[in-house]
Amino acid sequence: MKAMKFSAMEKEKWPELKPFVDTCLLPVSGLTGFEPPWQATERLRKLQQLIDAVEIPFKGRVMIYPALHYLPEGGNTTEYIDHICKNLKQEQFRFIIVAAVDIEPATLPASADLTFLWVKDKPQISQGEIGDAIKSLWANGQDA
């Protein structure tokens, strides 16, 4: 089965798949526009590693949504990401996972069920721990 990406979803197939695809991964690259091209490329490479850690082992249940590349400058990043997470949860998905690069942990939204960060030179959590966290989320969420 291929990865579940928003761009591959056909309108007619969504009602049939929706009960099985209950989790959304929202990537956040956190670019400002001040980065030189090499730095933007490096940040996107890091984000792709976080996405792969979710997408590869859980394809078919997790839908990868378009990345938030540029965050509001001088605005409230937490409210911005939180608003998007709430919108995704309201009608489409039961669980929201945010994967972000070089974002302050304090700015991550409370409405996300899980957050995976890459800060400076390394991810804050290993690929195995990512898998365990997602499995735990689903197991605990079944009782809700």
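Which residues does Asp 22 touch, not counting residues up to four places away in sequence? The model is predicted. In it, Asp 22 touches Arg 61, Phe 93, Arg 94, Phe 95 and Trp 138. Several of these names return below, so Asp 22 is a handy place to start reading, with its contacts to Arg 61, Phe 93 and Trp 138 among them.

Start with the setting. The protein chain has four helices and seven strands. Read from the N terminus, the elements run β-α-β-α-β-β-α-β-β-β-α. The radius of gyration is 15 Å, and the globule rule gives 15 Å for 144 residues, so the chain is as compact as a globular protein of that length. Along the principal axes, the C-alpha atoms fill a box of roughly 45 × 30 × 30 Å. Of the 144 residues, 42% count as buried. Take the contacts between residues at least 6 apart in sequence: 68% of them join residues at least 24 apart.

Now return to Asp 22. This residue sits in the loop between α1 (14-17) and β2 (23-31). Its relative accessible area is 11%. The cut-off for buried is under 20%, so Asp 22 counts as buried.

Trp 138 is one of the residues that Asp 22 touches. Arg 61, also touched by Asp 22, lies over the face of Trp 138, at 3.8 Å from the ring centre. Trp 138 has an aromatic partner too. The structure holds two aromatic pairs. In one of them, Phe 58 and Trp 138 meet edge-to-face, with 5.1 Å centre to centre and 85° between the planes. Phe 58 lies in the loop between α2 (37-55) and β3 (62-64), while Trp 138 belongs to helix α4 (residues 127-141), so this pair ties together parts that are 80 residues apart in sequence. Both Phe 58 and Trp 138 are buried.

The other pair is formed by Tyr 65 and Phe 93. Their ring centres are 5.6 Å apart and their planes stand at 85°, so this pair is edge-to-face. Tyr 65 is in the loop between β3 and β4 (68-70), and Phe 93 is in the loop between α3 (77-91) and β5 (95-101), so the pair ties together parts that are 28 residues apart in sequence. Buried or exposed? Phe 93 is buried, at a relative accessible area of 4%. Tyr 65 is partly exposed, at 26% relative accessibility.

Follow Trp 138 into helix α4. The 15 residues of α4 should span 21 Å at 1.5 Å a residue, and the end C-alpha atoms are 21 Å apart, which agrees. Which residues of α4 are buried? They are Ile 130, Gly 131, Ala 133, Ile 134, Leu 137, Trp 138 and Gly 141. These residues cover an arc of only 160° around the axis, so they lie on the same side of α4. They pack against β2, α2, β3, β5 and β6 (114-119). The face turned away from the buried side carries the exposed residues Lys 135 and Asn 140.

Glu 129 is also found in helix α4. Its relative accessible area is 43%, so Glu 129 is partly exposed. Its C-alpha atom is separated by 22 Å from that of Cys 85, and the two residues are 44 residues apart along the chain.

Definitions and conventions:
Residues numbered from 1 in each chain as written. Predicted model: local features only at pLDDT ≥ 70, side-chain atom pairs only at ≥ 80, totals over all residues. Heavy atoms only, no water. Phe/Tyr/Trp six-rings, centres within 6.5 Å; stacked < 30°, edge-to-face > 60°. Helix = DSSP H or I, 4+ residues; strand = E, 2+ residues; numbered from the N terminus. Buried < 20%, exposed > 50% of the residue type's maximum accessible area, 1.4 Å probe, protein only. Lys NZ or Arg CZ within 6 Å of the ring centre and 35° of its normal. Contact = heavy atoms within 4.5 Å. Expected span 1.5 Å × (residues − 1). Arc of directions from axis to C-beta. Rg over C-alpha atoms; globule rule 2.2 N^0.38 Å.
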